[in-house]
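Q: Please take a close look at a single part of this model and describe it in connected form. The strand under discussion should be considered together with its neighbours and the side chains around it.

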Amino acid sequence: MRTTTPQRHASNPPTGIRNLGILAHVDAGKTTVTERILYLTGTTHKRGEVHDGTTVTDFDPQERDRGITIFAAAVSCVWQGHRVNVIDTPGHVDFSDEVERSLRVLDGAIAVFDAVAGVEPQSESVWRQADRHGVPRIAFVNKLDRAGADLDTAVASIRERLHTVPLVVQLPIGREDEFTGVVDLVGMRALVWGTGRDTVEEGPVPDALRDEALRRRGLLEEAVAELHPGALEEFCGEGTLSAATLRSALRDLTLAGEAVVVLCGSAYRNRGIEPLLEAVVAYLPSPVDVPAVRGTHDGAVEERAADPDEPFAALVFKVNSTATGRLSYLRVYAGTIRKGETVLDAGARRSERIGRILRVQADRHAEVDQAVAGDIVAVIGMKSARAGTTLCAPAAPLVLEPPAVADPVVSVAVEARRSLDTDRLASALVRLVEEDPSLAVRADPETGQTVLSGMGELHLEVAVEKIRRAHGLEVGVGRPQVAYRETVARGVSGLVHRHVKQDGGAGQFAHVVLDVAAATPDDPSGGAGHLVFRSTVTGGRVPQEYIRAVEAGCRDALAEGPLGGHPVTGVRVTLTDGATHPKDSSEMAFRTAGRLALREALRASVMALLEPVVEVTATVPDDAVGGVLGDLAARRGRVSGQTARAGTAVITATVPLAELFGYASRLRGRTQGRGTFTTRAVGYAVVPAAVTEEVLSA
């Protein structure tokens, strides 16, 4: 980590800040877009390239070796007087939790799409993640200089697969390797980049494109008028929209999430980045344009506006251990923080001192004296803060909602090669989990092995390699294991359980009657949760506080199922009757009764084993399709689609995750190194009976 001397200039006001993420499928060009943004804003003086391993954001040795983004990296730059904080996020499905934590603290995003491939599986996944967080987006169709690139086809895939309204504001000048610029349909001007030039030249729309540009401008105005009442009024009165009205309406529609502005270019050739930055400032929100952050204090919901004068509130979204100490990345939502101040860790109710505040620049940092509402910065000096920790003013406590953490789906056993390194490995694993909450470490109670769990095979490979490189440890790794679940295939009704315990003094008494069945989509949680619990007890036979205790006991029982000790999910439990004792009944007694009753009910039910399944999208040469399809079938895959694309076939299939270990090597072998594939998690599916027997006997 490198730092420069403290910067004394004043912080940008919240209205002059843009916090945005770069979202895309792997290899769509996210990192190259980020590099060009840094270069054009003067933040860097040389264009970094992914293939050369010289990018600012992919600074980790593993990222440079593999040529992909693994860790979300934050950078900061200035454009047209605005502070633009950018987070370059990973595009691989195994690192989607990095995207989730980033989206939690961002106000807007640029979604990057390949002009040849259009919307790809992980593009769709990160788009849905942004939908859940309500993050406004603009789209950048990249790689227009490639053979087969087509803006209209890419836009059609955005409309069809993402179910949004794309508003295209540019027309390409030239096709494929003759792509030299764009026509700005809002300002009706041509922007051209010459060979070997880093600057854009503005001029009139070329005569050959004027009719097409006017036609597309008309289509844009009509689409905007259909969605925006103010634009519709002007369009009906004037028959057209002014550039000012169009820009204002595009911003309103973007902030409301009703449409997405689409731009285009070639980041590798440095074409299209200036108008992209202009669109970031014009259309994406500042911290004051998004709803005030909400948190809780003593059970009450409170809001804090993005105002430097409000009480301080911030959320830690990433933690890194460096040679000089722990680096905590945080988003300041309200108030102002200065170095040397003491803040409150609201969750742990512990004080933390802010040693230094750093303006983030990937692995380089510039020290600043303060950070204000809207800023994304890193701080040094905090001892126990984790991702998801709320920091606030001691006099005004507030707990913000932390980023959601997905359940791990793949596990491996890890051990130190030398017994002398066992304690060092344990410390390294603790630090690893601190930095990446989507990893989990536990001790297997049967074998005594240390088990590391994560989001995929590549995720665990990267984690183990990080231990080896950062700590100099030789680590042995077992075969990956997937995270199975159990569910109810056929339940039981009227199961009676009476819990009575008398060993001197006050005893325990609880009587419950349960109906147990599989959860369905009609249940309140949509059948997607671990437990759907309800009570139909009438006449006060079981008091409300005891009903809550029964529900808590049922949740305890879901930790281990009767088939193989796997967690149980998708269960509906109904408490139909019960009885109490005037002296011996208590919440503890009913919680115990609920746990034991559900365990008994699950043993009496017909259970099914569930396994994680993923959607595989394989791109292979035409002459290898037969072999690839046969291999997918052997892996219990179900092919759901196959399309042709310029001498290659794109095969989509749903495959159990357990069958995909080692698939990369097999695919390379069957396609002579020309095949590639990506995966996207789609949930859990019932394991066939024959396979269930193999899993349970293993």
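Within strand 6, valine 141 is the bridge partner of phenylalanine 113. What surrounds strand 6, and with which strands does strand 6 pair?

A: The description that follows rests on a predicted model. Strand 6 spans residues 137-142, and six of its six residues are buried, so the strand is largely enclosed by the rest of the structure. In a regular strand the side chains alternate between the two faces of the sheet. Here both faces are covered: Arg137, Ala139 and Val141 are buried on one side, and Ile138, Phe140 and Asn142 are buried on the other.

Strand 6 has pairing partners in strand 5 and strand 12. With strand 5 the pairing is parallel and comprises six bridges; phenylalanine 113 and valine 141 are bridge partners in this pairing. With strand 12 (residues 260-264) the pairing is again in the parallel sense, over four bridges. Valine 141 also has a counterpart there, since it stands opposite cysteine 264 in strand 12. Valine 141 is thus linked to phenylalanine 113 and to cysteine 264.

The connection from strand 5 to strand 6 involves helix 4: the three elements make a right-handed β-α-β unit. Aromatic contacts can be followed within this unit. A pair of aromatic rings is described by the distance of the centres and the angle of the planes. The count of aromatic pairs comes to four. In one of them, the rings of phenylalanine 113 and tryptophan 127 have centres 6.3 Å apart and planes at 45°, so this pair is tilted. Phenylalanine 113 belongs to strand 5 (residues 108-114) and tryptophan 127 to helix 4 (residues 121-133), so the pair ties together parts that are 14 residues apart in sequence. Phenylalanine 113 and tryptophan 127 are both buried.

Tryptophan 127 also has a contact with a residue of strand 6: the charged end of arginine 137 sits over the ring of tryptophan 127, 4.4 Å from the ring centre. Arginine 137 is itself among the buried residues of strand 6. Taken together, phenylalanine 113 pairs with the ring of tryptophan 127 and is the bridge partner of valine 141, while arginine 137 places its charged end over the tryptophan 127 ring.

Notes:
Residues numbered from 1 in each chain as written. Predicted model: local features only at pLDDT ≥ 70, side-chain atom pairs only at ≥ 80, totals over all residues. Heavy atoms only, no water. Phe/Tyr/Trp six-rings, centres within 6.5 Å; stacked < 30°, edge-to-face > 60°. Helix = DSSP H or I, 4+ residues; strand = E, 2+ residues; numbered from the N terminus. Buried < 20%, exposed > 50% of the residue type's maximum accessible area, 1.4 Å probe, protein only. Lys NZ or Arg CZ within 6 Å of the ring centre and 35° of its normal. Pairing = 2+ DSSP bridges. Right-handed = clockwise from strand over helix to strand, strands pointing away.
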